[in-house]
Every structure is written in structure tokens, then in C-alpha cells.
Amino acid sequence: MGRKCVWILAACLAAAALATPAAAAPRQVGTLSFTSTVPGTVTGSVLDVHFQNPDNPSLKPYAASRMVIHMPTGARMDTTVPPQCHATDAEIYALGFDACPEETRIGQGLAESDNGNGTTSKTTLRHFNNQDEVVGVGQNNDIPVIRTIDRTRIEGDTTTSNFPLFPGVPPPEPYTPVKDLDITIEPYGTNERPYARTPPTCPANGSWKFKIDFTYRDGVTETLVSRSPCVR
């Protein structure tokens with residue numbers, strides 16, 4: 001190949017590279033970690049997720065509809081350890097946080113929603129234990145009578161949560177999405193009988209891996225991987 005052809009080929013490749021669109025940013029960033037770094041011990045967990053518009057972080061994000069957490073291999077949860085809240089949805093909508101006895105509470109959090117008009121709203125979250133589920137109750141900070149319920153299903157090392165559906169102002173969709181989600185589950189029980197237990201061993205890389213699948217209302221599913229440090 002002549003020198004002229006080489007230069008032409010290089011120019012074409014450079015132009016193609018410039019024309020290739022950059023990969024879209026993820027719709028969510030964040031972390032999920034245990035509060036304990038010691039294998040086989042009682043632990044809590046801390047979830048911190050920020051939802052963003054992949055095209056422009058300053059725009060309203062897409063609305064998530066479901067969150068499935070795959071815990072590290074060997075992690076366990078035992079919902080028979082704490083007292084259980086057996087309140088019905090009707091009782092929770094009527095009484096809010098008071099529908100569940102305080103001794104059944106295992107955690108708390110905060111959700112901030114993007115209203116799409118330059119304003120946000122915050123909802124205080126409290127989480128209560130029940131058989132094979134976490135009862136998540138939300139109460140809007142500005143209008144306390146607005147309440148939400150999510151019954152997170154626990155199946156082995158997987159938990160499935162559903163986000164409440166609220167109408168909203170587009171773009172990008174006619175929904176009001178969660179923008180920031182922070183949840184803390186407190187350590188409960190003992191090493192001999194914990195509510196949540198870390199895996200029995202620490203991998204060679206010094207961390208346990210969480211995998212979180214987010215499904216959005218437009219059908220898109222994205223996965224967030226977070227690593228929780230551990231000691232060997």
C-alpha cells in the first residue's frame with residue numbers, strides 16, 4: 001500500500017471514530033454495602049442510589065419500576081428473628097408508620113423525587129420486618145397523608161422491590177421518578193442468630209459483590225454492581 005493510501009485510510013478511521021457516538025451514561029449510580037466487614041457475622045446494609053438522565057444529568061431521570069438485589073453468595077436473611085409487622089395495606093394507608101409496632105422496625109431511609117419543574121419532594125421511609133418480606137412505608141414530608149407501601153419480597157439471596165407509580169410532567173416520561181434513594185437496614189440479632197448475616201468467607205479480592213437490576217417503566221433494564229469490603 002502506498003504512503004498516500006495509508007494516510008487516506010488513517011484519515012477515514014479518525015473520521016469514523018469522531019462520528020461514533022459516545023456510550024450513554026448509566027441511568028443509575030450508587031453503592032450497596034454491608035455494615036460489617038467480618039465474614040459470618042450479624043450485619044446491616046446501606047444503599048445509596050442516584051438516578052440520572054443518561055443524555056443530560058440536569059434533566060429529569062427516567063422512572064424506575066423495580067429493583068432486584070442479588071446478594072453476595074452465602075449471605076442470609078432470617079425474618080423469624082425480629083418481631084413481625086402484620087398490618088394490612090389498608091391499615092398502613094390509614095395509620096402510616098403507626099400501623100407497625102416500633103419493635104418491628106429494622107431500618108429507615110429517604111427518597112427524593114424529581115417533579116420535573118425544577119422542584120423536588122422528599123419522602124421519609126421506614127422499614128419493618130414481616131415473614132419473608134420487608135414492609136417499606138413512605139410518608140411525604142410536605143403532605144404526610146400521601147403514603148406509599150412496598151412489600152419487598154425475600155427469596156433466598158434475592159430481594160425484589162417495586163417503586164410506587166406517580167403521574168408526572170414529561171419529558172422524558174409522564175411519571176414522577178425517584179431521583180435519590182437512601183436506605184439503611186440496621187444490624188439486628190446476634191452472630192449466633194442474626195436477622196442478616198454476611199457470607200461465611202471473604203473472597204481473595206477482599207470484597208463481596210452485590211448485583212442490582214433496575215427495570216424502568218419504558219422497559220429498559222440496567223445492572224449496577226457494587227462491592228462491599230471484607231477482611232480475610
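**Salt bridges, cores and surface of the predicted model**

Arg-153 is partly exposed, at 40% relative accessibility. In this predicted model, the side chain of Arg-153 meets that of Glu-155 in a salt bridge, with 3.2 Å from N to O. Glu-155 is likewise partly exposed, because its relative accessibility of 46% lies between the limits of 20% and 50%. Arg-153 is also in contact with Thr-158.

Thr-158 belongs to strand β9, which covers residues 158-162. The relative accessible area of Thr-158 is 17%, so this residue is buried under the 20% limit. Its side chain makes a polar contact of 3.4 Å with the side chain of Asp-157. Beyond its neighbours within four places in sequence, Thr-158 contacts Val-68, Ile-69, His-70 and Met-71 as well as Arg-153.

The salt bridges were then searched across the whole structure, and six were found. One of them pairs Arg-27 with Asp-218, whose closest N and O atoms are 2.9 Å apart. Arg-27 sits in the loop between α1 (3-19) and β1, and Asp-218 in the loop between β12 and β13 (221-229). The pair therefore ties together parts that are 191 residues apart in sequence. Arg-27 is buried, with a relative accessible area of 8%. Asp-218 is partly exposed, at 37% relative accessibility.

A further salt bridge joins the side chains of Lys-211 and Asp-213, at 3.5 Å from N to O. Here, too, the burial of the partners was examined. Lys-211 is partly exposed at 32% relative accessibility, whereas Asp-213 is buried, with a relative accessible area of 15%. Asp-89, Glu-133 and Arg-151 are joined into one network by salt bridges that share partners.

The largest nonpolar core contains 31 residues. Leu-47, Phe-51, Leu-181, Ile-212 and Phe-214 have the most contacts inside this core. At least two core residues come from each of β1 (28-34), β2 (45-51), β3 (64-70), β5 (105-114), β10 (178-185) and β12 (207-216). Strand β12 gives the most, with five residues. Another core lies apart from this one. This other core has ten residues, among them Cys-85, Ile-92, Phe-97 and Phe-128.

Two residues of the largest core were followed in detail. Leu-47 touches Thr-31, Leu-32, Met-67, Leu-181, Asp-182, Ile-183 and Ile-212, with residues up to four places away in sequence not counted. Ile-212 lies in strand β12. Its relative accessibility is 0%, so Ile-212 counts as buried. With residues up to four places away in sequence again left out, Ile-212 touches Leu-32, Leu-47, Met-67, Val-68, Ile-69, Glu-222, Thr-223 and Leu-224. Val-68 and Ile-69 are also among the contacts of Thr-158. Ile-212 and Thr-160 are 52 residues apart in sequence, and their C-alpha atoms are 9.8 Å apart in space.

On the surface, Ile-143, Val-145, Ile-146 and Phe-166 make a nonpolar patch of about 350 Å². Val-145 is placed in the loop between β7 (133-140) and β8 (147-155). Its relative accessibility is 67%, so Val-145 counts as exposed, over the 50% limit.

Definitions and conventions
Residues are numbered from 1 along each chain as its sequence is written. This is a predicted model: local features need pLDDT of at least 70, side-chain atom pairs count only at pLDDT 80 or more; totals for chains, interfaces and linings use all residues. Side-chain values use heavy atoms; hydrogens and water are left out. A nonpolar core is a set of buried Ala, Val, Leu, Ile, Met, Phe, Trp, Tyr and Cys residues joined through side-chain atoms within 4.5 Å. Buried means under 20% relative accessible area, exposed over 50%, partly exposed in between (1.4 Å probe, protein chains only). Helices (H or I, at least four residues) and strands (E, at least two) are DSSP runs, numbered from the N terminus. Contact means heavy atoms within 4.5 Å. Patches are made of residues with over 30% relative accessible area and no salt bridge: like charges are joined within 9 Å, nonpolar side chains (Val, Leu, Ile, Met, Phe, Trp, Tyr) within 5 Å. Accessible areas come from the Shrake-Rupley method with a 1.4 Å probe; for residues, only the protein chains shown count as cover. A salt bridge is a side-chain nitrogen of Lys or Arg within 4 Å of a carboxyl oxygen of Asp or Glu. A polar contact is a pair of N or O atoms within 3.5 Å; within protein, one must be able to donate a hydrogen and the other to accept it, and residues adjacent in sequence count only if both atoms are side-chain atoms.
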